[in-house]
Amino acid sequence: MIISIVHSLSTKIAIFPCFEEKTLSLAAKSFDEKLSGFLSKSLANAVFKGKKGEVLTLSSPHDDFSHIILIGLGKHDALKKADHMAFGANALKPLRELKAKSASLFASDVDGAGAAFGALLKSWQFDKYKTKKRDDVELKLETLQIVSSDVAKDTKAFEEFQAVAKGVFLTRELISEPANIIYPETLTARIQELSALGVTVEVLNEAEMTKLGMGALLGVGQGSIRESQLVVMTYNGAGNDSAPLAFVGKGVTFDTGGISLKPADGMEDMIFDMGGAGAVVGLLAALAGRKAKANVVGVVGLVENMPSGAAQRPGDIVTTMSGQTIEVLNTDAEGRLVLADALWYTKERFHPTHIVDLATLTGAILVALGVEYAGLFSNDDDLSEKLLQASKATGEKLWRMPLDEAYDKDIDTDRADMKNTGNGRYGGSITAAKLLQRFVGDTKWAHLDIAGTVWLKKDSTFAVKGATGFGVRLLDEFVRGFEA
Ligand code: BES
Ligand code: MN
Ligand code: ZN
């Protein structure tokens, strides 16, 4: 699909925003006059009210048009960045249904570049392994025109959005690929492609991690025939050598649970257990692609969690790079083991101003928040506030969770410095976060538990069902707050 920003319309399908209580956008109003009130008459009889997410598809009586589509955007005065994007994204549903080849979006009263960005995000589908294309869901749209009153401005803004979309698509693709295709070494190879964008990529193999003493990360990968990897991405866009922002991702390319094996039902979902790493990779691609003026490092711990004769056992005690020891009571609580070493390494090597980690860490976050919100855990109120602001702007929702000292005792154990499970299932996401906290020292740090938001079983505003790319837009927006 090619999106172009243009001055005037030349397609048979015209799409307009409509606000609450059936208020047409300015462009739609003048259009309505030309069509002798067709739009306002149709609206008067419609159930459609212009609420967020509503769509009204009208067959046009006018020769110049086959269809006119109204997209509900809610209240006119309360539009956020994500609402402008939703105008474009929500237009794709009727266009998919109509099997339209071309259409025009009238971006009056809304930001044209934002609408283009939303449509682009929603157009992505993963059909690489469908040798016969699925006619029912395939997007036939070849050109989408955004009719704008300021073509130059919107074109420039859209260029930046396209770089971010590329990052989101990379994340979605990496997550969508099955675990026989994407495993630590092949994921590493994909990450190395970022060097074309000006990102420096370094890879630590098992021998190098052994030297550093990363016993927790290595313990998770030891049951797999695939070699574990730690990949470090650096992007210096600030134009000085100021301390970077760091992003750390859990990259379990497949999580069987290990010896504490998961049930067969739904185990295939665990191809997305590298979703945190996927988001960090996509974020670096987005930032480098749009030439962000910030110094950023990304660190991802890549392992496959398998049961085998070489696998770690419940009861094993591992020594982390920090020197702290962890009793592995459940080999399925592996993400925190990977992050314990990845976080410590990041802190020690880069002394970042802030660390944000992303991980599909716990099933418990789904119990707490469902699939709408990711859990935010942080040792710093100001950092939390910045992340929550970015969350509101982008619509990638975060909900702050507690991290009190009172939970510390839940990961205490007699045999080691800590254990990798909590006490029973209660507060499972919090006890996981508490373990991570012991590996960041005094660094301003936030942990995003994205287990519920990386993969959706039905379409959401900006993604068809499957991988969402959650985290890339959120953290791109967050980084903007640090740019000169
Ligand atoms: N990758 C899973 C968490 C997960 C579960 C993500 C469901 C998405 C959907 C993680 O490694 C895990 O298995 N966590 C365990 C921890 C428990 C054994 C303490 C869990 O949440 O059950
Ligand atoms: Mn697990
Ligand atoms: Zn896992």
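A polar contact is a pair of N or O atoms within 3.5 Å. With that cut-off in mind, this briefing on a predicted model covers two topics: the surroundings of ligand 1 and a sheet of three strands. Ligand 1 occupies the largest pocket.

**Setting of ligand 1**
- The shell around ligand 1 consists of 17 residues, and the closest are Lys262, Asp273, Asp332, Glu334 and Gly363.
- By class, this shell comprises seven charged, six nonpolar and four polar residues.

**Polar contacts of ligand 1**
- In the side chain of aspartate 255, an N or O atom is 2.9 Å from an oxygen atom of ligand 1, which falls within the 3.5 Å cut-off.
- Glycine 363 places a backbone N or O atom 2.7 Å from an oxygen atom of ligand 1.
- For threonine 360, a backbone N or O atom lies 3.3 Å from a nitrogen atom of the ligand.
- Ligand 1 taken alone exposes 520 Å², of which the protein buries 77%.

**A sheet of three strands**
- Strands in a sheet are paired through backbone hydrogen bonds, in either a parallel or an antiparallel manner.
- Here, three strands form an open sheet in the order E12-E13-E17, and their pairing is mixed.
- Strand E12 (317-319) and strand E17 (418-419) are the edge strands, each pairing on one side only.
- Strand E13 (residues 325-327) runs antiparallel to E12, and three bridges join the two.
- Threonine 319 has threonine 325, in E13, as its bridge partner.

Notes:
Residues numbered from 1 in each chain as written. Chains lettered and ligands numbered in written order. Predicted model: local features only at pLDDT ≥ 70, side-chain atom pairs only at ≥ 80, totals over all residues. Heavy atoms only, no water. Near = heavy atom within 4 Å. Polar contact = N/O pair within 3.5 Å; in protein donor to acceptor, adjacent residues only side chain to side chain. Areas by Shrake-Rupley, 256 points an atom, 1.4 Å probe, with all protein chains shown as cover. 1 Å grid on protein atoms, 1.4 Å probe; cavity = no way out; pocket = protein on both sides within 12 Å on 5 of 7 lines; lining within 4 Å. Sits in = over half its atoms within 2 Å of the grid points. Nonpolar A, V, L, I, M, F, W, Y, C, P; charged D, E, K, R; others polar. Pairing = 2+ DSSP bridges. Helix = DSSP H or I, 4+ residues; strand = E, 2+ residues; numbered from the N terminus.
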